[in-house]
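Work through the exercises below with the sequence and the 3D model at hand. Each task is followed by a solution in steps.

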Amino acid sequence: MENIKAKIVLVGGSSSMTMAKKTCELCTRKPHVAILPTARGDDPEIIEETYGFYSRFAESVDVIKLIAETPDKEDIKARFKKADLIYMPGGATENIKKAFAKYGAEKFLFDAVMTEGKVIVGSSAGAMVLSHSCVEVDCGEVYANGYEIIPAYFAPHYQLPDWKGFDAFLESKTEPAIGFAAGDDAGVLCTPDGRYYTFFGEEGNPVWRFVYNKDNGRWDRTEYLPDETVDITP
C-alpha cells in the first residue's frame with residue numbers, strides 16, 4: 001500500500017503491559033487509544049485485559065465493538081479519526097474481515113494508515129490482516145489475502161511448532177520478496193519511510209525475517225533475539 005504515513009506494529013500474539021507502554025510511546029503525545037476486539041468477537045475478557053494495559057498510558061481508551069453492538073457508520077468513522085493509536089488484538093481474521101466489510105471500516109482503517117502521526121498495532125489476527133497474506137485458521141494451515149497494507153508476508157506465534165507451516169507456505173511464493181514471523185509479545189515496527197525494526201515486549205520471544213533469494217530460489221531466514229531495537233530492513 002502506498003502513502004503510508006502511520007507507524008505500524010505487527011505483533012506475533014498476546015498482550016503485555018510493556019508492549020502497551022512501548023506502542024503508546026510511539027505516539028507524539030499521550031494518545032487517545034481505540035481498541036477493536038473484533039477478531040475475538042468483542043469478548044469481554046480480551047476487552048478487560050487490553051483496556052487495563054492501555055488505560056495506564058493513554059489519555060483515553062475507546063472500545064469499538066463491531067459485533068456485540070451495531071454502531072452507526074459515521075460514529076465509527078469519527079472514533080477512528082479521533083484515535084492516535086488503533087489496537088486490534090488477536091482472534092479470527094474472518095471476524096475482522098466480515099465486520100469491517102459490514103461497516104466499511106476498511107476505508108476508515110486505510111484513512112488512519114495514511115494519516116501522519118497515527119500508530120496502528122495489530123496482534124496475531126490483527127497483525128495478519130495488515131499484511132500481504134494472513135492465516136485464516138489456526139496453526140498456519142490455510143492462508144488468505146490480508147489488506148496488504150504492509151507489503152510483506154507475516155506469521156504470528158512462530159515460537160510454537162504448529163506455526164512453522166509458514167516456511168512451507170513461502171516455498172511457492174516469490175513476491176513480495178520479504179516476510180516476517182514473530183513470537184508472542186514480539187513484533188516488527190514498520191515506519192512510514194519503508195523501514196522495518198524489531199519491537200519486543202516482555203515475554204522474550206524472537207522475531208524472524210525471511211528474504212527471497214533470487215539466485216537460489218530459496219527464502220533466507222534470519223532470527224533476531226530479544227534485545228535493543230534493530231533495523232531489519234533488507
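Helices (H or I, at least four residues) and strands (E, at least two) are DSSP runs, numbered from the N terminus. The model is a predicted one: local features need pLDDT of at least 70, side-chain atom pairs count only at pLDDT 80 or more, and totals for chains, interfaces and linings use all residues. Residues are numbered from 1 along each chain as its sequence is written, and side-chain values use heavy atoms, with hydrogens and water left out.

**Exercise 1. Place Gln 159 and list what it touches.**

Step 1. Gln 159 belongs to the loop between strand E8 (153-155) and helix H7 (165-170).

Step 2. Buried means under 20% relative accessible area, exposed over 50%, and partly exposed in between (1.4 Å probe, protein chains only). With a relative accessible area of 25%, Gln 159 is partly exposed.

Step 3. Contact means heavy atoms within 4.5 Å. Neighbours within four places in sequence are left aside; Gln 159 is then in contact with Lys 164, Gly 183, Asp 184, Asn 205 and Trp 208.

Step 4. A polar contact is a pair of N or O atoms within 3.5 Å; within protein, one must be able to donate a hydrogen and the other to accept it, and residues adjacent in sequence count only if both atoms are side-chain atoms. A polar atom of the Gln 159 side chain lies 3.2 Å from the backbone nitrogen of Asp 184.

Step 5. Gln 159 and Val 207 are 48 residues apart along the chain, and their C-alpha atoms are separated by 9.0 Å.

**Exercise 2. Describe the sheet of 4 strands.**

Step 1. Two strands pair if DSSP finds at least two bridges between them. The order in this open sheet is E8-E9-E12-E13, with mixed pairing.

Step 2. E8 and strand E13 (218-224) are at the edges with a single partner strand each, so one side of each has no neighbour in the sheet.

Step 3. Strand E12 (residues 207-213) and E13 run antiparallel and are joined by 7 bridges. Arg 209 has Thr 222 in E13 as its bridge partner.

**Exercise 3. Describe the sheet of 7 strands and the packing of H1 on it.**

Step 1. This open sheet has the order E3-E2-E4-E5-E1-E10-E11, and its pairing is mixed. E3 and strand E11 (196-200) are the edge strands, each pairing on one side only.

Step 2. Strand E1 (residues 7-11) runs parallel to strand E5 (residues 119-123), with 5 bridges between them. Ile 120 in E5 is the bridge partner of Ile 8.

Step 3. H1 packs on the sheet and touches E1, strand E2 (32-35), strand E4 (85-88), E5, strand E10 (186-190) and E11. Axes are lines fitted to C-alpha atoms, for helices over the stretch in contact, and angles run from 0 to 180 degrees between N-to-C directions. The direction of H1 makes about 140 degrees with that of E11.

**Exercise 4. Which residues of H3 are buried, and which exposed residues lie on the face turned away from them?**

Step 1. Ile 76, Arg 79 and Phe 80 are buried in H3. Seen down the helix axis, the buried residues of H3 fall within an arc of 100 degrees, so they line one face of the helix. The arc is that of the directions from the helix axis to the C-beta atoms.

Step 2. Glu 74, Lys 81 and Lys 82 are the exposed residues on the face turned away from the buried side.

Step 3. The cover over the buried residues of H3 includes E3, E4, helix H4 (93-103) and helix H5 (105-113).

Step 4. At the start of H3, a side-chain oxygen of Asp 72 comes to within 2.9 Å of the backbone nitrogen of Glu 74.

**Exercise 5. How many salt bridges does the structure hold, and where does the one between Arg 79 and Asp 62 lie?**

Step 1. A salt bridge is a side-chain nitrogen of Lys or Arg within 4 Å of a carboxyl oxygen of Asp or Glu. The structure holds 10 salt bridges.

Step 2. One of them joins the side chains of Arg 79 and Asp 62 (2.8 Å, N to O). Arg 79 is in helix H3 (residues 73-82) and Asp 62 in strand E3 (residues 60-63), so the pair ties together parts 17 residues apart in sequence. Asp 62 is partly exposed, at a relative accessible area of 25%.

Step 3. A network of salt bridges links Asp 62, Asp 75 and Arg 79.

Step 4. Glu 25 and Lys 21 also form a salt bridge through their side chains (2.5 Å, N to O). The two are 4 residues apart in helix H1 (residues 17-25), so about one helical turn separates them. Glu 25 is exposed at 51% relative accessibility, and Lys 21 is partly exposed at 39%.
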